[in-house]
Amino acid sequence: MDRDFVMVLPGGRVPARFVTLEDGTPGVEVEGVQFPHVTDEVPNGIEGNSDEQRRVIDGLRQRFRITSEPSVLAFDVE
């Protein structure tokens, strides 16, 4: 399932990769950190469950000036 793509966020783009997580579930790797690929609340999203995941999501929100803070960070695929 590993496939590179561009994650499109409000205000910017970041390279990312669809991956398979250790438990066999679909995931997304962004800035070297793997996240569960969330599709039940939004078409594509990532959710920060660990401190490292939350750090990356918080950094993306700051960099791209995303002011909303839902638990799932939604994105489009390019």
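Begin by selecting strand S3 (residues 26–30) together with strand S4 (residues 33–38) in this predicted model; the two strands run antiparallel and are joined by four bridges. Within this pair, valine 28 stands opposite phenylalanine 35 of S4, and glutamate 29 has glutamine 34 as its bridge partner in S4. If you then follow the chain from S3 into S4, you pass through a hairpin with two residues between the strands, where glutamate 31 in the turn has a positive phi of about 50°.

Next, extend the selection to strand S5 (residues 45–47), which pairs with S4 in the antiparallel sense over two bridges. Here valine 38 finds its bridge partner in glycine 45 of S5, and the connection from S4 to S5 is a hairpin of six residues.

Stay in the loop between S4 and S5 and select asparagine 44. Is this residue, asparagine 44, buried or exposed? Asparagine 44 counts as buried because its relative accessible area is 16%, against a cut-off of under 20%. Displaying side chains shows a polar contact of 2.8 Å between asparagine 44 and histidine 37. Leaving aside neighbours within four places in sequence, the residues in contact with asparagine 44 are His37, Val38, Leu73, Ala74, Phe75 and Val77.

Now zoom out to show the sheet as a whole, an open sheet of seven strands in the order S6-S5-S4-S3-S2-S1-S7, with antiparallel pairing. Strand S6 (72–74) and strand S7 (76–77) are the edge strands, each pairing on one side only. Add helix H1 to the view: H1 packs on the sheet and touches S1, S2, S3, S4, S5 and S6, while its direction makes about 80° with that of S4.

With sheet and helix both displayed, turn to the largest nonpolar core, which has 18 residues. Select Met7, Leu9, Val28, Val30, Ile46 and Leu60, the residues with the most contacts inside this core. Strand S1 (3–9), strand S2 (12–20), S3, S4 and helix H1 (51–63) each supply at least two residues of the core.

Finish on isoleucine 46, and ask which residues it touches when those up to four places away in sequence are not counted. Isoleucine 46 touches Met7, Val28, Val30, Phe35, Pro36, Val38, Ile57, Ser71, Val72, Leu73 and Phe75. Among them are Val28, which you met opposite phenylalanine 35, and Val38, the bridge partner of glycine 45.

Terms used. Residues numbered from 1 in each chain as written. Predicted model: local features only at pLDDT ≥ 70, side-chain atom pairs only at ≥ 80, totals over all residues. Heavy atoms only, no water. Pairing = 2+ DSSP bridges. Core = buried A, V, L, I, M, F, W, Y, C linked by side-chain atoms within 4.5 Å. Buried < 20%, exposed > 50% of the residue type's maximum accessible area, 1.4 Å probe, protein only. Contact = heavy atoms within 4.5 Å. Axes fitted to C-alpha atoms, helices over the stretch in contact; angles between N-to-C directions. Polar contact = N/O pair within 3.5 Å; in protein donor to acceptor, adjacent residues only side chain to side chain.
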